[in-house]
Structure formats: C-alpha cells, structure tokens
Amino acid sequence: MSPETLVSPPIAAASPYSPTEFDAYVINSYARFPIVLERGAGCRVWDSEGRDYLDFVAGIATCTLGHAHPAMVNAVNRQIQKLHHVSNLFYIPEQGDLAKWLVEHSCADRVFFCNSGAEANEGAIKLARKYAHTVRGIANPIVLTAHASFHGRTLATITATGQPKYQKNFDPLMPGFHYVPYNDIAALEAAIAQLDADQPQVAAIMLEALQGEGGVRPGDRAYFQRIREICDEKGILLILDEVQVGMGRSGQLWGYENLGIEPDIFTSAKGLGGGIPIGAMLCKSFCDIFQPGDHASTFGGNPFACGVALTVCETLERDNLLQNVQERGEQLREGLRAIAQQYPALVAEVRGWGLINGLVLKEETATVSADIVKAAIAQGLLLVPAGPKVVRFVPPLIVTAAEIEQALGRLNQSLSNLSL
C-alpha cells in the first residue's frame, strides 16, 4: 500500500480538552507541551482545535506504520474479536508465529515476550546474570554499559543507564554495573582488564547500536567488531539494546546489521508493535538457559499484542519499507545539512541512520533543543529532544518525500523565527 493513501480528510474537532483537568488527576512525571492530540492518519496528527501537525516524533520512534494504518486497524479489529488475552500457561499461536518471524529475520534462536523496552532489557540482564552464575561460575557478575546510554526506567535499567540525571534520588541503585565511554575501545579494554584482574567478573557488555537518548550517536563499526572479538575470546555475552533503533528504523531491520556483527542477546520494543505495547528479548540458543519459573510476564506475548505486531512485521517486509527508510533518511539528512550551512553558529553536525537523525547544536550557543522543538510546534512540526543539545527526527517509516520536504521547510521557518 502506498503511504500517500494513508492520510484521511480532517474530522470536525471535538470540544477542546482541558489540560487543567488532566493535571488535576494525572501524576506530573512528564514535561508536556501544551497541545492536546486527538487523532492521526499516516504521518500527520490533529489536535483538539483541528490543527494538523507533521509527526516527526512517532511516539518516540514507535509508530512504525504511522497512525491509523489500514493493516493495523484490520489486525486490531480481527484479533480483538477473536481472542485478546490468555495466560502464558497455554500455547498462544499468535505468539509462536511472531517469534518465528523474528527468528527467521534475525540472528536469534529464541524469543521471550514482555510489554516494553525496559522489561526486555530487564530480561536480558537477568539472563546474563544467570548465565554468569550457572555457566561461567561468576559469583558477582558485572554488566558493562556506556556513558550517555539509556536502557529504561525500572530500577535495574536506570542503573544500567549511564546518565546520572535519570538516577538522581533513586538510590541505592542496583549493584553489578560499570560504565565506560561509548565508541572508546581502549577504555573498554582497560575496564575489563581492571575488573577481571583477580577473577572473571564481567558477564556482559550491554550497548545500544546507536545511542538514542544519548544524542543520536551511531555506534562505530570498528569499535563493535573489536567488542565482538573480546566477547568471543573471554566468554562475555554481548547484549545490544535495539529498543529504539530496531524494526527498520536504522535502514536495516536491526541496528546491528549496520555494524557487521551479531549480538548474543538483543532487545526490541517501541516499533515492534507499531504503537501497541509489546517488548521482546531475543537470544541465541547457547545462552537460552531460562527454565520455567525463572522469568515471566502476565501480559507479555498475549494474542492481541502479538497478532498486531506480526502484522507490523509483515507490512514492513511486504511494502519494502526498508528502502523507503534508506531513501527518505538520506533525503532528510541532506536537507538538514543544507539547513546547518544556513546556521553555522548554531549547528555543529547532522548524524544518524535511516529515519533516526539528530541535529546537533553547538555547545557554545545559548539555544537548546527544547527551544527548537517549541518553535517547530508553532509551525506544525512535532520534534523531540535527545538531550539538551540534540533535536531528534524520528518520523514513521511510511513518511513520503513530500512530507520530508514539508518538514524541512517548517524547521527552516522555525529557526528563522528564533532569529538565529
């Protein structure tokens, strides 16, 4: 199906919703922008006043097929009328079919399903610890992660996240983590040598193929290839967090394909369900050591989530969306580089893969990413910060060339209005 067919005509706006009433009942754990989104179609969303926006947030790299995609609508309707939830105490055909697709389209041999990226990463950490204890005989396993990483909001995954701002006031944190600079192989090798000096302690190295929240920072190919060699030499598990960059967003189905390596364990969520909550922890057979009772999830892998996620996977493949991601991603980066040349005092660089890209601001400028995001909203373009100095562009994978050009025009107008 052509992406151009997905945008439906505007629907008359309902009575404006009151953010004041919302704030009276919902815990204030998000810094929300003052717009109320009510519906979407394709790469566009409409607010409660009927105004449309180009959505280059996509639920933070989640709405793979955009909004109200006919394939997803049909899948939701079909599955909810058939069977939406049963316990994992029974066989679930939709779960088995989705697991088969993922295994056949990746380096993994087995899949565990959950509900989110944080849960998938929790599962990966637990699997690595059990492997360390039972296979390698490590008493106190350590997982190496990177500075500026992001792995989730649970207690274990904020500890794995190498950013103190996410950990503040949540101590005592989980033991068993050590941080190294991203893309710095000398620092990683030195850390392993220090930690394993007396006895093996390093159980796993857990990294993002591309750091998303850490500023849209792609992994260096040579760095990851050397890590793969180290892991093979020492029996260390390599875990890749593909929650944000996986499911085609990088221009390849999985981010690790850009690096020329295969992980032992990797995680997926966000784009896997196209906006329907689902997560997955995938591993190779040699480290598939969970037994009944080791790990579980009430909602994980239920028929509804898996039925819709399989439709997302099949649509991505059938409609050859990877080619669209590659072509539209290059178009977006080329346009962003042209804008960067117009504002040399503001923009340091443009970086990213596929349809996850960052406009990196110079440290010396007083402008921060939130300033540009707010200015873009006024022009009908939704963007999201990736830290204080990076503006992130993560549209649905079905975005068209015309929508990329519109977004670039609106961004240019936004920067002009900031008088930069």
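Helices (H or I, at least four residues) and strands (E, at least two) are runs picked out by DSSP and numbered from the N terminus. With that in hand, here's a quick tour of this predicted model. We'll look at an open sheet of seven strands, then a smaller set of paired strands around strand 17, two helix pairs, and a few unusual backbone spots.

**The seven-stranded sheet**

- The sheet is open, its pairing is mixed, and its strands come in the order 4-12-11-10-7-5-6.
- Strand 4 (110–114) and strand 6 (177–180) sit at the edges, so to speak: each of them pairs on one side only.
- Going from one strand to the next, the twist averages 20 degrees.
- Strand 11 (residues 265–268) and strand 12 (residues 279–283) are antiparallel partners, joined over four bridges. One pairing to look for is Ile265 with Cys283 in strand 12.
- Helix 4 (residues 93–104) packs on this sheet, where it touches strand 4 and strand 12. The direction of helix 4 makes about 130 degrees with that of strand 4.
- Helix 9 (residues 221–234) also packs on the sheet, touching strand 7 (202–208) and strand 10 (237–241). Its direction makes about 160 degrees with that of strand 7.

**Around strand 17**

- Strand 14 (residues 356–361) runs antiparallel to strand 17, and four bridges join them. Here Leu359 stands opposite Val391.
- Strand 16 (residues 384–385) is antiparallel to strand 17 too, with two bridges. In this pair, Val384 stands opposite Arg392.
- Strand 16 and strand 17 make a hairpin with four residues between them. Check out Gly387 in the turn: its phi is positive, about 95 degrees.
- In a regular strand, side chains alternate between the two faces of the sheet. For strand 17 (residues 390–393), both faces are covered: Val390 and Arg392 are buried on one side, and Val391 and Phe393 are buried on the other.

**Two helix pairs**

- Helix 3 (residues 70–80) and helix 10 (residues 303–318) have axes that come within 9 Å and cross at roughly 155 degrees. Angles over 145 count as roughly antiparallel, so that's what helix 3 and helix 10 are. Their crossing is right-handed.
- On the helix 3 side, the residues in this contact include Ala71, Met72 and Val76; on the helix 10 side, they include Phe304, Val308 and Val312. By class, the contact has nine nonpolar, four polar and one charged residues.
- How do helix 11 (residues 321–342) and helix 13 (residues 401–417) compare? Which angle do they pack at? It is about 20 degrees, with the axes 10 Å apart. Since angles under 35 degrees count as roughly parallel, helix 11 and helix 13 are therefore roughly parallel. Their crossing is right-handed.
- Among the residues making that contact are Leu332, Leu336 and Ile339 of helix 11, along with Ile404, Leu408 and Leu411 of helix 13. The contact divides into eight nonpolar, four polar and two charged residues.

**Unusual backbone spots**

- The peptide bond from Asp171 to Pro172 is cis, with omega near 5 degrees. You'll find Pro172 in the loop between helix 7 (164–167) and strand 6.
- Asn169 lies in the loop between helix 7 and strand 6. Its phi is near 70 degrees, a positive value in a residue other than glycine. Asn169 counts as exposed, at 64% relative accessibility.
- Ile60, in helix 2 (residues 58–61), has a positive phi as well, near 60 degrees. Ile60 is partly exposed, with a relative accessible area of 28%.

Technical notes. Residues are numbered from 1 along each chain as its sequence is written. This is a predicted model: local features need pLDDT of at least 70, side-chain atom pairs count only at pLDDT 80 or more; totals for chains, interfaces and linings use all residues. Side-chain values use heavy atoms; hydrogens and water are left out. Two strands pair if DSSP finds at least two bridges between them. Axes are lines fitted to C-alpha atoms, for helices over the stretch in contact, and angles run from 0 to 180 degrees between N-to-C directions. Contact means heavy atoms within 4.5 Å. Buried means under 20% relative accessible area, exposed over 50%, partly exposed in between (1.4 Å probe, protein chains only). Angles under 35 degrees count as roughly parallel, over 145 as roughly antiparallel, 65 to 115 as roughly perpendicular and the rest as oblique. A crossing is left-handed if the near helix is turned anticlockwise from the far one by less than a right angle, and right-handed if clockwise. Ala, Val, Leu, Ile, Met, Phe, Trp, Tyr, Cys and Pro count as nonpolar, Asp, Glu, Lys and Arg as charged, and the others, Gly among them, as polar.
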